[in-house]
Structures are given as structure tokens and as C-alpha cells.
Amino acid sequence: MADFHEFYPLRRHNTFGFDARARFAVHVRSEADLVEALADPRANGLPLVVLGGGSNVVLTRDLDALVLLMEIQGYQVEDADDAWLVTAGAGENWNALVNRTIADSMPGLENLALIPGTAGAAPIQNIGAYGVELRDRFEGVRAYDRHAGVFVWLDQRACGFGYRDSLFKQAGAGRYIITAVTLRLPKAWQPVLSYGELARELTGKFALDAATVRDAVVAIRTRKLPDPAQIGNAGSFFKNPLVSAAQRDTLLQANSDLVSYPQPDGSYKLAAGWLIDRCGFKGVNDGPVGVYGKQALVLVHHGGGTGAMLLALANRIADSVEARFGVRIEPEPVVL
Ligand code: EPU
């Protein structure tokens with residue numbers, strides 16, 4: 001029988017470090033554990049929550065739910081002519097996976113180094129950083145389909161990736177439980193240096209390899225982003241909002257230093273960190289929660305606060321940005 005823990009404390013299972021309890025929690029170490037947990041009568045009628053590293057959730061209250069603590073391990077490599085297909089168990093630590101592939105001479109994930117969380121969580125929000133998104137290195141996932149009661153394979157197209165978005169946050173929310181992720185790492189490798197700050201970090205280096213790029217990414221992230229082991233946080237708290245070219249032009253006229261990025265469809269992505277910074281929130285604390293001093297896009301929890309307090313601050317920030325710039329910024333993490 002899968003081991004059900006009742007009123008299980010989740011503080012160590014979310015990187016904000018909020019206190020909340022799960023009605024039931026189960027450690028899932030295999031697909032058999034998963035099937036067994038779902039069939040258990042105690043799970044009957046309870047909503048289901050899957051937690052990997054807990055690095056993209058805000059817990060606002062105790063969860064009257066069955067929480068699956070996804071811990072399935074595994075690492076397999078398949079040689080597919082032009083690419084390496086690397087399959088990782090959903091519970092594998094993402095950064096450890098990045099480092100392992102680089103150590104095994106399979107470059108491609110270096111720009112995504114040091115992102116907190118698990119391999120299984122990576123497709124859910126289509127993690128991305130420094131010019132690369134998961135979907136650029138993705139083959140498919142194996143997942144349990146709760147509607148059909150079977151394990152399925154979902155390829156790149158089925159996963160419906162968008163900016164910090166996928167099937168698993170849209171139509172497939174609550175339906176699929178990812179148990180393994182397969183990455184596609186092309187053998188013909190080129191460093192991706194489209195992100196200005198990364199290119200600058202590597203100035204003067206020649207014969208770039210994946211490990212060198214990875215080290216530069218780690219250096220930048222370490223300077224700008226707080227380590228969740230030290231300060232509770234979930235990375236970027238807001239998504240960078242998309243606006244029309246016309247709206248961006250209007251904003252640019254009033255703010256010559258506006259930071260924006262052109263998108264393939266002609267729209268623009270605005271740097272939410274810049275908008276929040278401009279509204280004066282950088283480094284501002286509201287009791288135990290606040291805005292990180294080195295990056296306004298990151299909300300932090302210093303301890304002793306609640307998810308509700310954090311959301312109140314987030315709303316205040318979004319209201320302030322909307323009042324000043326006419327753009328609504330949306331949270332990136334999943335609010336539970
Ligand atoms: N900026 C400010 N003030 C701030 C923060 C940023 O003026 O307090 C300006 C910066 O000077 C820069 C621009 O805003 O010109 C963009 O900032 P940055 O380069 O730090 O990137 P970002 O847009 O804040 C995004 C991702 C990060 C990812 C980096 C690098 C989102 C929501 N965030 O951040 O992802 O690591 O680019 O690619 O898309 C995450 O999702 O958790 C995350 C950390």
C-alpha cells in the first residue's frame with residue numbers, strides 16, 4: 001500500500017517556505033506508486049495536487065487534497081542519429097539533470113542551468129531563460145491520463161507550449177500526471193548567445209563549450225536571483241506582459257528607457273521587472289514578504305508570513321503597474 005501521510009506539513013516542499021498542510025500526502029517513487037495512490041479509497045473525491053520541487057507554487061492555505069510528492073528517478077540516453085534523446089524521471093532535480101547531460105558530453109541545456117525544480121515540472125510552465133525554452137529541446141513526456149486511466153505519450157505538438165504556458169496549465173490541467181520527460185539534444189550544437197547579458201558575460205572567451213556557457217548562466221543568476229535555500233522565492237513572480245506595437249509606442253513616448261522585446265507576431269513583450277521597479281517597489285518589504293532588492297520581478301518570503309500576504313502584495317504591485325502603465329501583469333506561479 002502506498003504510504004499515506006495525514007495532515008502532512010508542506011513547508012519544506014515549497015520554495016517560498018510557506019506553512020500549509022496536506023490532508024494526505026504520498027511519496028511517489030514509481031509509476032506503480034502513482035497508480036496505487038490514485039486507487040486508494042482515501043483519495044476518493046479529494047482534489048489532486050502534484051508537487052515536484054514546489055518552486056512554482058504559492059500555498060495560501062491548508063490543502064484539503066491528496067498531494068503527490070513526485071520523486072520518480074531515472075536517466076536514460078538513446079542515440080537517435082542527429083540527436084541524443086535523454087529521458088529523465090519526473091522527480092529528478094532539473095539542475096542536476098542539466099549538469100549531468102553536460103558532463104556526459106550532450107550539450108543543449110546549458111542556458112537553462114540553475115532553474116529550481118524538477119524535470120517533470122519543466123514542461124508545465126515551459127521553463128525558459130537566456131534565449132532558450134524547454135520546448136526548443138523537447139521530445140515528449142510520459143504521463144498518466146486520469147480521464148482514460150492509462151499512461152500516454154504526449155509529443156511536442158500535443159503539449160501546446162507557449163511563453164511560460166502549456167497544455168498542462170490549460171485544457172490538460174488536472175488531467176495528466178507527468179512521470180518522465182524526454183529531451184531532444186541535437187548533436188550539432190551551437191551556443192545560444194542571443195541574450196545580451198549572457199553574450200557580455202562571455203566576452204573575451206573563445207572556443208565556447210556548453211560548460212563555459214553554463215558557468216556564465218550560473219554567474220548571472222547567482223548575482224540577480226535569490227537562492228531559495230536562503231530566501232523563500234519562486235523565481236520571477238510575474239510574467240512579462242505582451243502588448244501591441246501601438247501600445248508599446250505610446251509607452252515608449254512617455255518612457256524613453258522602457259525595456260521591450262519584439263515578438264515574432266509583431267507584438268512586444270515588456271520587462272515586468274522594469275515596470276515594477278519604476279513603480280518604486282524594488283527592495284520594498286511588507287512585513288515578512290517583499291520584493292527582492294536586486295530584481296523587482298522576484299517576490300520573497302523572509303519567514304513567518306503566509307501565501308495570502310504575498311498575494312496581497314502581488315495585487316498591490318499589479319494595481320500600481322496598471323494605474324501607471326495601463327498594463328496588467330499576471331502571476332507566473334500556480335496559486336493553490
Ligand atoms: N529590470 C529593471 N529592474 C528590475 C528588474 C529588471 O529595470 O528590477 C530590467 C533589466 O534591466 C532588463 C529587463 O528589465 O533590462 C529584463 O530583466 P532580466 O534580464 O533580469 O530578465 P527578466 O525579464 O526579468 C526573464 C525571465 C527569467 C529568466 C530571464 C533570463 C520571465 C518572467 N522571467 O526575466 O525567468 O531567467 O528572463 O532569460 O520571463 C523565471 O521564470 O522564474 C525566471 C527567473
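Is Phe325 buried or exposed? At 6% relative accessibility, Phe325 counts as buried, and its ring takes part in a pair with Trp274. Please keep in mind that this is a predicted model. Here is a short tour of its open sheet and its aromatic contacts.

**The sheet**

- Four strands form an open sheet with mixed pairing, in the order β1-β2-β5-β3.
- The edges are held by β1 (4–9) and β3 (48–51); each has a single partner strand, so one side of each is left without a neighbour in the sheet.
- From one strand to the next, the twist averages 35 degrees.
- Strands β1 and β2 (residues 21–28) run antiparallel and are joined by five bridges.
- Pro9 has Arg21 in β2 as its bridge partner.

**Aromatic pairs**

- Across the whole structure, a search finds nine aromatic pairs.
- One of them joins Trp274 and Phe325: the ring centres are 5.8 Å apart and the planes lie at 50 degrees, so the pair is tilted.
- This pair links distant parts of the chain, with Trp274 in helix α6 (residues 272–278) and Phe325 in helix α7 (residues 307–325), 51 residues apart.
- Trp274 counts as buried, at 11% relative accessibility.
- Elsewhere, ring pairs link Phe16, Phe18, Phe237 and Phe238 into a cluster.

**Charges over rings**

- Arg42 places its charged end over the ring of Phe4, 4.2 Å from the ring's centre.
- The ring of Tyr75 has the charged end of Arg100 over it, 3.6 Å from its centre.

Notes: Residues numbered from 1 in each chain as written. Predicted model: local features only at pLDDT ≥ 70, side-chain atom pairs only at ≥ 80, totals over all residues. Heavy atoms only, no water. Pairing = 2+ DSSP bridges. Helix = DSSP H or I, 4+ residues; strand = E, 2+ residues; numbered from the N terminus. Axes fitted to C-alpha atoms, helices over the stretch in contact; angles between N-to-C directions. Phe/Tyr/Trp six-rings, centres within 6.5 Å; stacked < 30°, edge-to-face > 60°. Buried < 20%, exposed > 50% of the residue type's maximum accessible area, 1.4 Å probe, protein only. Lys NZ or Arg CZ within 6 Å of the ring centre and 35° of its normal.
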